[in-house]
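Hi,

Here is the structure I said I would pass on. Have a look at it first, and then read my notes below.

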Amino acid sequence: MAEKAMCMSTQIPDDEDIQRENNVRGLTMLGHFGFECLPHQLVNRAIQKGFSFNILCVGETGLGKSTLIDALFNTNLKEKKSSHFNSNVELKIRTYELQESNVQLKLTVVKTVGYGDQMNKEGSYQPIVGYLDAQFESYFQEELKIQRSFVDYHDSRVHVCLYFISPTGHSLKSLDLLTLKSIDNKVNIIPLIAKADAISKNDLQKFKYKIMSELVNNDIQIYQFPTNDESTAQMNSSMNKHLPFAVVGCIDEVKVGKRMVRGRQYPWGVLQVDNENHCDFVKLRDMLLCTNTEDLKEQTHTQHYERYRCFKLQKIGFTDVGPDNQPVSYRTSLSILKESSMRRQ
């Protein structure tokens, strides 16, 4: 008993006992401390700076490009309807400042006007290719400056192309194949079957399969949702099997039972935009805005722009290795460039 009492008498008091004896007010640690707070600093800085996202919508007039964008961002951007009588294909470019909770988004939407309306459609894809290259060139020229200002620079490179396919139920048109082949190495392409409520479910699955087969046979590369992240691998792998997404866009609300839903009222019932049993709109929205936005932006920079940058530098005359297959310095590369220029003269 004596030993036990001695042990109890030598017990070290905890911080709360000391604070009580000294009448000191204790403070509870809140939040994060140490380098574990680094991710939170990045999040806070990103929220303060805001985000940007650039979308290109390619498709024939009347396929619901504007309506789908409104539905994706749950807003009415109040776009005027395009005419079917354009002599040439044009691009309509609009930038919007959107806010959801405390997150600000600078959204740039580029839409084709008059695409597929001309009798001769051979050059219909050229304005699209020209626009994509022009945005790469603008960024490239900014990189070449001695004093760059990327903090204030508006990056207008297109992060994703939503390609609207007419719901024919048969196959892709020649214009579709020509355009897709011309831009697949310049932008991330997500194919969409527009106004999918015009096709029955059985015909829709056959149409999807035929489209994917035609893309493979024509060696057209579309964006594949990444499967290298464990947190999203299973979902993205499943979504890749649903391509092309069959979508219906609508911001109007109709009554179904006791609740209001976004959808279209037909004599046979209501097509609900946000019901995955009715269309793939929710799949598109989740993949585009909730899961893979940053990957789309990364792929734009590391793949599509990088390909353009390498081509431009090689065309100018820059090289990474010399005639002896050894790495060359910037000064050596300039000397080689000057020599080749003098020879041409």
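**What I found**

Let me start with one contact set: leaving out residues up to four places away in sequence, Val129 touches Ser182, Ile183 and Lys186. Keep in mind that this is a predicted model. Val129 sits in helix H5, which covers residues 126-144, and at a relative accessible area of 15% it is buried, because the cut-off for that is under 20%. Between Val129 and Lys186 there are 8.1 Å in space, C-alpha to C-alpha, although the two are 57 residues apart in sequence.

Two of those contacts, Ser182 and Ile183, bring us to helix H6. H6 spans residues 174-183 and is mostly covered, with seven of its 10 residues buried. Those are Leu175, Asp176, Leu177, Thr179, Leu180, Ser182 and Ile183. What do the buried residues of H6 pack against? They pack against H5, E4, E5 and H7.

**The sheet**

The open sheet has six strands, in the order E2-E3-E1-E4-E5-E6, and its pairing is mixed. E2 (90-100) and E6 (245-246) are the edge strands; each has a single partner strand, so one side of each is left without a neighbour in the sheet.

Strand E1 (residues 51-58) is a good place to look from: six of its eight residues are buried, so the rest of the structure largely encloses it. E1 pairs with E3 in the parallel sense over seven bridges, and Phe53 has Leu107 in E3 as its bridge partner. E1 also pairs with E4 in the parallel sense, here over four bridges. In that case Val58 has Tyr163 in E4 as its bridge partner.

Further along, E5 (residues 189-193) and E6 run parallel and are joined by two bridges. Ile193 stands opposite Ala246 in E6. Helix H7 (residues 201-217) lies across E4, E5 and E6, and runs at about 150° to E5.

There is also a hairpin to look at. Strands E7 (residues 253-256) and E8 (residues 259-266) run antiparallel, with four bridges between them. Val254 has Val261 in E8 as its bridge partner. The hairpin has two residues between its strands, and Gly257 takes a positive phi near 70° there.

**The aromatics**

I went through the rings too, and the structure holds eight aromatic pairs. One of them is Tyr115 with Tyr163, an edge-to-face pair at 6.4 Å centre to centre and 90° between the planes. Tyr115 comes from the loop between strand E3 (103-113) and H5, while Tyr163 belongs to strand E4 (residues 160-165), so this pair ties together parts that are 48 residues apart in sequence. Are these two rings' residues buried or exposed? Tyr115 is buried, with a relative accessible area of 1%, and Tyr163 is buried too, at 0%. Tyr163 is also the residue that partners Val58 of E1.

Tyr223 and Phe225 form an edge-to-face pair as well, with 5.5 Å centre to centre and 90° between the planes. Both of these residues are buried.

Then there is a cluster: Phe136, Tyr139, Tyr153, Tyr305 and Tyr308 form one aromatic cluster. Which rings does the charged end of Arg157 sit over? One is the ring of Tyr139, with the charged end 3.6 Å from its centre. The other is the ring of Tyr305, with the charged end 4.9 Å from its centre. Tyr139 and Tyr305 both belong to the cluster, so try displaying Arg157 together with those rings.

**Confidence**

Finally, the confidence values. The mean pLDDT of the protein chain is 85, and 83% of its residues reach 70 or more. Over residues 1-10, however, the pLDDT is below 50, and beyond near neighbours in sequence this stretch has zero contacts in the model.

Cheers

Key: Residues are numbered from 1 along each chain as its sequence is written. This is a predicted model: local features need pLDDT of at least 70, side-chain atom pairs count only at pLDDT 80 or more; totals for chains, interfaces and linings use all residues. Side-chain values use heavy atoms; hydrogens and water are left out. Buried means under 20% relative accessible area, exposed over 50%, partly exposed in between (1.4 Å probe, protein chains only). Contact means heavy atoms within 4.5 Å. Rings of Phe, Tyr and Trp (its six-membered ring) pair if their centres lie within 6.5 Å; planes under 30 degrees apart count as stacked, over 60 as edge-to-face and the rest as tilted. A charge sits over a ring if NZ of Lys or CZ of Arg is within 6 Å of the ring centre and within 35 degrees of the ring normal. Two strands pair if DSSP finds at least two bridges between them. Axes are lines fitted to C-alpha atoms, for helices over the stretch in contact, and angles run from 0 to 180 degrees between N-to-C directions. pLDDT is the predictor's confidence in each residue, from 0 to 100.
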